[in-house]
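Okay, thanks for coming, everyone. I'd like to walk you through one structure today, starting with some strands and finishing with a pocket. Let me put it on the screen.

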Amino acid sequence: MQPTTEGRFRVLDEREAEGTFVLVELPDEPGPVDPTEPDAEAAYDRVHVDAEGYAGDLGATVGALRPGYVVAATLAWDDGDARFEAVEVERETRIEVADGVTGMFDAATEAWQAARANGEAMTSLTTRGQDGDPNGALYCFADPPGRDLLADLRDGTVPLEPLIARVNARLDDGRPRAVFLMRPDAYDYVAVYVVFAREGVLASTIRDTYDIRSGLVDQLGAAGEDAGVYGDDP
């Protein structure tokens with residue numbers, strides 16, 4: 001009998017190894033808030049799982065997985081290789097990536113410039129729509145020379161989970177989020193923007209403005225959210 005592992009995982013970008021998913025096991029506690037802290041990486045185990053060769057309902061579910069989804073899964077192990085034995089999608093949050101962004105929105109750039117002026121390597125703020133209601137949590141991290149921070153966030157080498165978990169704990173509404181990883185072409189930082197409503201106006205506006213194509217149908221009539229972005233401390 002093959003050994004198995006059961007748990008909850010976040011699906012990340014499978015670019016690191018073709019034909020596999022990168023899964024990050026979700027701990028019971030959110031862990032460090034700053035994912036660049038030295039102890040953050042150890043809190044979130046990564047595992048590569050075969051993405052191909054499944055049949056029937058399991059094959060359909062695996063084939064529909066996208067970066068950002070949270071799944072409850074049973075993994076079967078054979079000589080160190082993992083495959084899905086069972087998987088159920090719990091939350092359809094999406095992680096979407098844009099590199100070399102031109103015309104980065106003012107809230108991110110102004111927050112980063114203020115952080116640099118204060119000698120800080122990370123800053124965060126809550127953004128609000130034109131109606132004043134919170135619509136996202138924005139984090140900006142220094143992108144140091146010699147390290148591809150955007151790639152490390154995308155594949156879970158630097159964990160995103162503390163940032164997403166913080167938003168989920170704050171809202172406790174069960175909605176999927178849109179998580180945008182964005183690196184501007186004119187500044188040395190990477191932005192992680194956890195937008196509260198995956199298919200709300202703000203998320204749709206970001207996709208359209210920066211030509212980020214997620215394959216999702218944008219719903220432009222989400223209630224209670226405006227596309228405007230301005231911020232304060234979370």
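So, how many residues sit between S4 and S5 in their hairpin? Two, and Asp79, which is in the turn, has a positive phi of about 55°. Before I go on, please keep in mind that this is a predicted model.

Let's stay with that hairpin for a moment. S4 covers residues 70-78, and S5 covers residues 81-91. They're antiparallel, with nine bridges pairing them. If you want one pair to look for on your screen, find Ala76, whose bridge partner in S5 is Arg83.

Now the other partner of S4. That's S1, residues 4-12, and again the two strands run antiparallel, this time joined by seven bridges. A pair to look for here is Thr5, which has Leu75 in S4 as its bridge partner.

On to the pocket. The largest one has a volume of about 230 Å³, and 15 residues line it. Nearest its centre you'll find Arg8, Leu26, Glu161, Ala165 and Asn168. Which elements give two or more residues to that lining? Two of our strands come back here, S1 and S5, along with helix H4, residues 161-171. H4 gives the most, with four residues.

And what is the lining like by class? Seven of the residues are nonpolar, seven are charged and one is polar.

That's my tour. Shall we turn the model around and look at it together?

Methods:
Residues are numbered from 1 along each chain as its sequence is written. This is a predicted model: local features need pLDDT of at least 70, side-chain atom pairs count only at pLDDT 80 or more; totals for chains, interfaces and linings use all residues. Side-chain values use heavy atoms; hydrogens and water are left out. Two strands pair if DSSP finds at least two bridges between them. On a 1 Å grid over the protein atoms alone, a cavity is a set of points where a 1.4 Å probe fits but cannot get out, and a pocket is an open set with protein on both sides within 12 Å along at least five of seven lines; lining residues have an atom within 4 Å of a point. Grid points are joined across faces, edges and corners, and a volume is the space filled by probe spheres set on the points. Ala, Val, Leu, Ile, Met, Phe, Trp, Tyr, Cys and Pro count as nonpolar, Asp, Glu, Lys and Arg as charged, and the others, Gly among them, as polar.
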